[in-house]
Every structure is written in C-alpha cells, then in structure tokens.
Amino acid sequence: MAKLAGVSRTTVSFVLNDVPGVKISEETRQRVLEAALELNYYPTAAARSLASGKTHRIGLILGEGQERLGADAFLPAFLQGVTTSVHRRGYLLVVQLAEDVPSHEAYVRLIREQQVDGLILSGPRSDDPLLPQLAEERFPLILHGRLNGHDLPSIDVDNRAGAYQAVSHLIGLGHRRIGFISNAPLSYSGTQDRFAGYRLALAEHDIPEEPELVEAAAFLPEAGQAAMQHLLELPERPTAVFAASDVVALGAMSAIHGAGLRIPEDVALVGFDDIFLAAHAHPPLTTVRVPAYGLGWTAAEVLITLIEGDEVSSVTLETELVIRESCGAKRSARSRMPALSRS
C-alpha cells in the first residue's frame with residue numbers, strides 16, 4: 001500500500017488509524033485512502049488500537065435478563081439506531097446483557113480491561129453504586145434513561161410529560177377512576193417519572209389518588225396480565241387503565257378479554273412506547289409513541305462525541321400520543337357525528 005501511494009509505511013499507519021496530533025497533508029491522506037480502496041484493505045481492530053490508543057469499540061449494556069429480552073419489542077428499533085450511528089462513525093459495537101445489574105459484572109470488565117472506549121448503559125438503576133465512581137473518573141458513559149441524582153449525560157424521552165398526556169386524555173374522555181400499571185420496579189427512574197405524570201394528571205383535575213388502583217408490573221406481558229386481574233377483582237373496578245409500557249398493556253388486554261369484558265366499552269386502555277405490535281392489538285392500542293430508533297442513534301452519537309473529547313449534555317426527545325381504538329376516543333367521536341339526512 002505504501003508503494004502504491006508513494007509514501008512511507010509509517011505514513012500509511014498514521015492515515016489508516018487516524019492517529020491524532022500527526023500532521024499529514026490532505027493530498028497525501030487522499031492518496032493513502034485511494035490505495036487502501038484499490039487494495040480492498042481494512043485495518044484490523046488490534047492494529048488500530050495499538051496505533052491510536054483506542055479500541056474503536058463501544059459497549060452497550062442492556063440492563064435486562066434473557067427472559068425479559070425475549071419480550072422486549074422496543075429493543076430492535078433502539079439497537080438499529082445505535083448500530084447505524086456506530087458503523088457510520090467507524091466503530092464496532094459490543095453488546096452484553098446484565099442479568100443482575102447491581103452486580104456490575106457485565107460492564108466492569110469492559111471498562112477495567114479497556115475493551116471499549118465508552119459505554120451506553122440502557123436501563124440504569126438508582127441503586128447502582130458504581131455510577132458515581134465512573135462519573136468521578138470521567139469514563140465516557142451515556143445513560144439510556146435519565147437517573148435522578150446523577151450528573152451523567154443521558155438520552156431519554158420526557159416520560160413524565162408523556163404519561164401526563166395519556167392520563168389527561170383518559171380524563172378528557174370522562175374517566176375518573178383510572179388505574180395505573182407500572183412498566184418496571186420503581187427503582188427505575190423512567191418508571192418513577194411515568195408514575196409522577198399519572199399522579200400529576202389526577203391532581204390537576206381534582207381526582208383523588210387511590211392506592212388500590214396502582215399495581216406494579218415488571219417488564220413482561222404476564223406481569224401486566226396479573227396486575228390487571230387484581231384491578232378487575234376490586235369491588236369497584238377502574239373504568240380506564242394507563243399501562244406504562246405496551247408490553248405490559250398487551251398482558252392487561254389478555255386479562256380484560258379473559259374476564260369477558262370489552263375494550264374500551266368496559267375498560268379503556270392506554271399504553272406507552274408504540275411498539276410495532278400496538279397497532280395490531282385487538283383492539284388497536286392507543287399509546288404514547290417513543291422514538292426508539294432516534295434514542296439509539298442519539299445515544300451513540302453523543303457517546304462518540306464524548307469519546308472524541310468534546311463536551312456533551314443530556315438530550316430529551318419528544319413523545320407523541322397516538323390515538324387508536326382502545327381508549328374509546330374514536331368510538332366517542334363516531335357517536336357524536338350527526339346522522340346523514342335521507343331525502
């Protein structure tokens with residue numbers, strides 16, 4: 001390659017590994033890149049690491065076990081966004097599952113053994129004692145999910161505002177006895193924020209909170225089904241339910257149908273995420289749309305910017321309420337339409 005480009009082997013190494021601090025003319029750099037293209041040459045990760053001091057690898061830690069991963073319909077679009085950005089910027093992606101996030105083993109080795117240049121931690125938890133240490137060491141780390149009490153940069157949606165909009169929509173349809181089913185334990189900040197949005201909507205409409213209408217579920221449809229069954233067993237069941245994730249909402253749907261009740265005539269339902277299955281549920285699920293691809297792409301872009309030495313800040317993306325059949329709004333609109341006059 002050096003012979004084809006008419007430069008030294010050292011210059012070829014500098015160009016291919018993009019070594020910082022080395023002055024090489026643009027004309028020389030272009031000759032080397034054209035020679036590499038002609039020879040169909042790609043530098044190995046090991047060679048790039050030795051030359052630049054970087055691995056050119058990014059770690060993605062998924063704070064979920066294998067059972068939950070199999071039911072996570074939100075993840076594919078998020079992963080696609082991360083992968084698109086990482087590959088476009090010339091990095092490789094290393095993905096690990098955290099079966100037990102508080103044990104930290106999933107990402108401590110990646111950091112301490114210098115296997116990655118930075119990490120995206122998806123699903124951070126408030127009880128993770130390693131995060132303050134990583135913040136102090138200034139290791140390049142981006143949280144997918146805002147974490148209360150930490151200054152680490154994060155990528156997230158406004159969960160509180162999205163939940164507030166969903167519950168306010170149900171209130172606007174005339175519901176006052178509205179149940180809440182969480183998407184995860186309250187140790188997750190996103191769950192805390194979605195619950196806060198539910199509570200805020202009730203408070204602003206002078207609807208008292210009723211603890212019996214709040215049920216905890218953890219990630220899976222089965223958990224949503226069990227939580228909904230508890231709500232349906234109340235002496236006075238809710239007329240509407242806000243499920244803080246679509247996966248949990250699908251389980252809630254199963255419970256409602258299993259009890260011989262109709263959606264939305266007997267129980268209205270709103271979810272959160274707008275996974276691809278939401279539009280194909282029976283009936284189609286009203287939900288809060290989360291830009292999963294955009295979250296993944298933005299998380300990777302911000303992390304790479306941080307790795308390359310620039311300052312970054314947290315990013316919050318907007319959500320959107322998608323109105324379908326399960327909340328009853330379309331049915332109500334049809335019932336208010338004037339009948340066609342017959343001549």
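Colleague: How many aromatic pairs does the count come to?

Modeller: This is a predicted model, and its rings were paired by the distance between their centres, with 6.5 Å as the limit. By this rule the count comes to six.

Colleague: Phe180 and Tyr198 form one such pair; is it stacked, tilted or edge-to-face?

Modeller: The two ring centres are 5.1 Å apart, and the planes meet at 35°. Stacked needs an angle under 30 degrees and edge-to-face one over 60. The pair of Phe180 and Tyr198 is therefore tilted.

Colleague: Which parts of the chain does the pair of Phe180 and Tyr198 tie together?

Modeller: Phe180 belongs to strand β6, residues 178-181. Tyr198 belongs to helix α10, residues 189-204. The two parts are 18 residues apart in sequence, so the pair ties together β6 and α10.

Colleague: Phe180 also pairs with Phe242; how many residues apart are they?

Modeller: This pair is tilted as well, with 5.9 Å from centre to centre and 50° between the planes. Phe180 is in strand β6, while Phe242 is in strand β8, residues 240-243. The pair thus links distant parts of the chain, and the separation is 62 residues.

Colleague: Is Phe242 buried or exposed?

Modeller: Buried means a relative accessible area under 20%. Phe180, its partner, has 1% and counts as buried. Phe242 has a relative accessible area of 0%, so Phe242 is buried.

Colleague: Which residues form the aromatic cluster that holds Phe180?

Modeller: Tyr198 and Phe242 each pair with Phe180, and both belong to the cluster. Phe195 and Phe272 are also in it. The full cluster is Phe180, Phe195, Tyr198, Phe242 and Phe272.

Colleague: Which residue lies over the face of Phe272?

Modeller: Phe272 is a member of the aromatic cluster. A charge lies over the face of its ring, 3.8 Å from the ring centre. That residue is Arg194.

Colleague: How many charged residues are in the lining of the second largest cavity?

Modeller: The structure holds two cavities of 30 Å³ or more, and the second largest has about 30 Å³ of space. Its lining consists of Arg176, Ile178, Tyr198, Leu202, Ile207, Pro208, Glu210 and Leu213. By class there are six nonpolar residues and no polar ones, and the charged residues number two.

Colleague: What is the C-alpha to C-alpha distance between Met1 and Arg31?

Modeller: Met1 is in the segment before α1 and, at 23% relative accessibility, counts as partly exposed. Met1 and Arg31 are 30 residues apart in sequence. In space, their C-alpha atoms are separated by 9.9 Å.

Note on methods
Residues numbered from 1 in each chain as written. Predicted model: local features only at pLDDT ≥ 70, side-chain atom pairs only at ≥ 80, totals over all residues. Heavy atoms only, no water. 1 Å grid on protein atoms, 1.4 Å probe; cavity = no way out; pocket = protein on both sides within 12 Å on 5 of 7 lines; lining within 4 Å. Points joined across faces, edges and corners; volume = space filled by probe spheres on them. Nonpolar A, V, L, I, M, F, W, Y, C, P; charged D, E, K, R; others polar. Helix = DSSP H or I, 4+ residues; strand = E, 2+ residues; numbered from the N terminus. Buried < 20%, exposed > 50% of the residue type's maximum accessible area, 1.4 Å probe, protein only. Lys NZ or Arg CZ within 6 Å of the ring centre and 35° of its normal.
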